Amino acid sequence: MDIYLPIAEISLDVFLLLGLGGAIGFLSGVFGVGGGFLLTPMLIFIGVPPAVAVASSANQLVGASLSGVIAHWRRGNVDFKMGFTLLLGGLAGSALGVWLFTLLKRVGQIELTISLCYVLLLGVLGALMAVESLRAIARQRRPGAIRRKLHQHNWMHGLPLKTRFRRSKLYISALLPTGLGFAVGVLSAILGIGGGFVLVPAMIYTLGMPTAMVPGTSLLQIIFVAANVTFLQAYTNRTVDAVLTLLLRIGGVIGAQIGTRFGTRLRGEQLRFLLALLVLAVAAKLAQDLTLRPHDLYTIAPEPG
């Protein structure tokens with residue numbers, strides 16, 4: 001059953017969109033990522049214009065992330081102080097990101113920028129996460145293996161504004177999570193992502209948070225940053241398709257609850273390895289699309305207005 005999407009100006013199957021939203025919500029609950037890194041490319045693959053896919057993906061992340069946070073909060077796995085510290089930087093970064101998105105859209109380079117950024121970020125992060133998680137799994141299987149810390153203290157941990165995050169058992173500079181949130185906010189606006197695929201490993205390896213606390217805390221920050229990106233994109237570029245996001249959000253809320261239950265059954269190393277495989281698969285698909293010969297070598301776009 002097809003439904004017309006007024007902003008995207010195409011018709012798509014309702015059950016396809018519900019299923020896509022459910023799959024992204026499932027990933028959100030399992031890994032603590034918003035899922036936009038997968039949702040945006042998938043929407044583009046099925047014919048949604050990139051600008052609409054980016055803005056609408058950010059909107060869908062709000063519902064899926066909220067559902068995931070509630071599920072993790074019930075299990076006591078959310079550090080609210082850390083989440084709101086990340087949010088301070090995230091709101092500022094998302095505002096800058098929307099401004100950059102508008103500039104790139106005006107000069108006609110937004111599609112190429114989105115694809116290149118995805119390939120670079122996902123490829124590098126996926127490879128690093130896969131290597132680290134495989135090493136961690138191998139250490140756990142050795143008799144008498146000593147469990148190593150996921151992070152090492154460096155000069156960043158000596159920055160001023162030291163703050164105690166009791167839930168995560170950390171005493172670090174508040175500038176670290178604020179700066180991390182800012183970077184993720186910029187990426188969220190340009191790529192239509194929650195930034196979880198960057199935020200989750202950074203919270204583990206840079207901030208040193210316990211793996212169990214990361215998914216729920218990450219999703220807490222994603223809720224507000226995604227909502228801010230959605231508002232700014234709708235106001236500035238008018239690229240948020242309400243019908244599309246409603247269908248994705250319905251599926252996402254349901255999928256997030258199922259994913260949260262599934263994620264609690266796996267060890268931290270196993271979760272990181274599965275996420276790494278998923279990230280690498282998306283990067284490979286986008287890289288392939290960039291190198292394939294297009295069906296039409298030349299197109300003539302109509303004049304705006």
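A residue counts as buried when its relative accessible area is under 20% and as exposed when that area is over 50%, with partly exposed in between. The model shown in these views is predicted.

**Figure 1. Helix 6 is mostly covered.** Of the 17 residues in helix 6, 12 are buried. Helix 6 covers residues 175–191. Its buried positions include Leu176, Pro177, Leu180 and Gly181 in the earlier part of the list. The list continues with Val184, Gly185, Val186, Leu187, Ser188, Ala189, Ile190 and Leu191. At 1.5 Å a residue the helix should span 24 Å, and its end C-alpha atoms are 24 Å apart, so the expected span and the model agree. Gly192, just after helix 6, has a positive phi of about 70°.

**Figure 2. Overview of the secondary structure of the protein.** The chain contains 10 helices and 4 strands. Along the sequence these elements follow the pattern β-β-α-α-α-α-α-β-β-α-α-α-α-α. The protein has 305 residues, and buried residues make up 52% of them.

**Figure 3. Helix 4 bends at Leu88.** The bend amounts to about 25°. Helix 4 has 27 residues, which at 1.5 Å a residue should span 39 Å; the end C-alpha atoms are 38 Å apart, in agreement with that value. At the start of the helix, a side-chain oxygen of Asp79 comes to within 3.2 Å of the backbone nitrogen of Lys81. Gly108 follows helix 4 and has a positive phi, near 80°.

**Figure 4. A nonpolar patch on the surface involves helix 3 and helix 4.** The patch is formed by Leu66, Ile70, Trp73, Phe80, Phe84, Leu91 and Phe224. Together these residues have about 640 Å² of accessible area. Helix 3 (50–74) and helix 4 (80–106) are the elements that each give two or more residues to the patch. Phe84, one of the patch residues, is found in helix 4. Its relative accessible area is 39%, so Phe84 is classed as partly exposed. Residues of a patch must have over 30% relative accessible area, and the 39% of Phe84 is therefore enough for that cut-off.

**Figure 5. Glu9 in the loop between strand 1 and strand 2.** Strand 1 consists of residues 2–5 and strand 2 of residues 10–13. Glu9 has a positive phi of about 60°, although it is not a glycine. With a relative accessible area of 59%, Glu9 is exposed.

**Figure 6. Lys169 in the loop between strand 3 and strand 4.** The loop joins strand 3 (162–165) and strand 4 (170–173). Lys169 is a residue other than glycine with a positive phi, near 55°. Its relative accessible area is 75%, so Lys169 is exposed. Gly208 is 39 residues from Lys169 along the chain, and the C-alpha atoms of the two are separated by 9.3 Å.

**Figure 7. Gly47 in the loop between helix 2 and helix 3.** Helix 2 is made of residues 36–45. Gly47 has a relative accessible area of 40% and is therefore partly exposed. Between Gly47 and Ile10 the C-alpha separation is 7.9 Å, and in sequence the two residues are 37 residues apart.

**Figure 8. Gly22 of helix 1 and its separation from Gly255.** Gly22 lies in helix 1, which is made of residues 14–31. The C-alpha atoms of Gly22 and Gly255 are 4.4 Å apart, although the two residues are separated by 233 residues along the chain. Gly22 is buried, because its relative accessible area of 17% is under the 20% cut-off.

**Figure 9. Gly251 of helix 9 and its separation from Phe15.** Helix 9 runs over residues 242–263 and includes Gly251. The relative accessible area of Gly251 is 8%, so this glycine is buried. Along the chain, Gly251 and Phe15 are 236 residues apart; their C-alpha atoms are separated by 9.4 Å.

How values were computed: Residues are numbered from 1 along each chain as its sequence is written. Side-chain values use heavy atoms; hydrogens and water are left out. Patches are made of residues with over 30% relative accessible area and no salt bridge: like charges are joined within 9 Å, nonpolar side chains (Val, Leu, Ile, Met, Phe, Trp, Tyr) within 5 Å. Accessible areas come from the Shrake-Rupley method with a 1.4 Å probe; for residues, only the protein chains shown count as cover. A salt bridge is a side-chain nitrogen of Lys or Arg within 4 Å of a carboxyl oxygen of Asp or Glu. Buried means under 20% relative accessible area, exposed over 50%, partly exposed in between (1.4 Å probe, protein chains only). The expected span of a helix is 1.5 Å times one less than its number of residues. The bend at a residue is the angle between axes fitted to the seven residues ending there and the seven starting there. A polar contact is a pair of N or O atoms within 3.5 Å; within protein, one must be able to donate a hydrogen and the other to accept it, and residues adjacent in sequence count only if both atoms are side-chain atoms.
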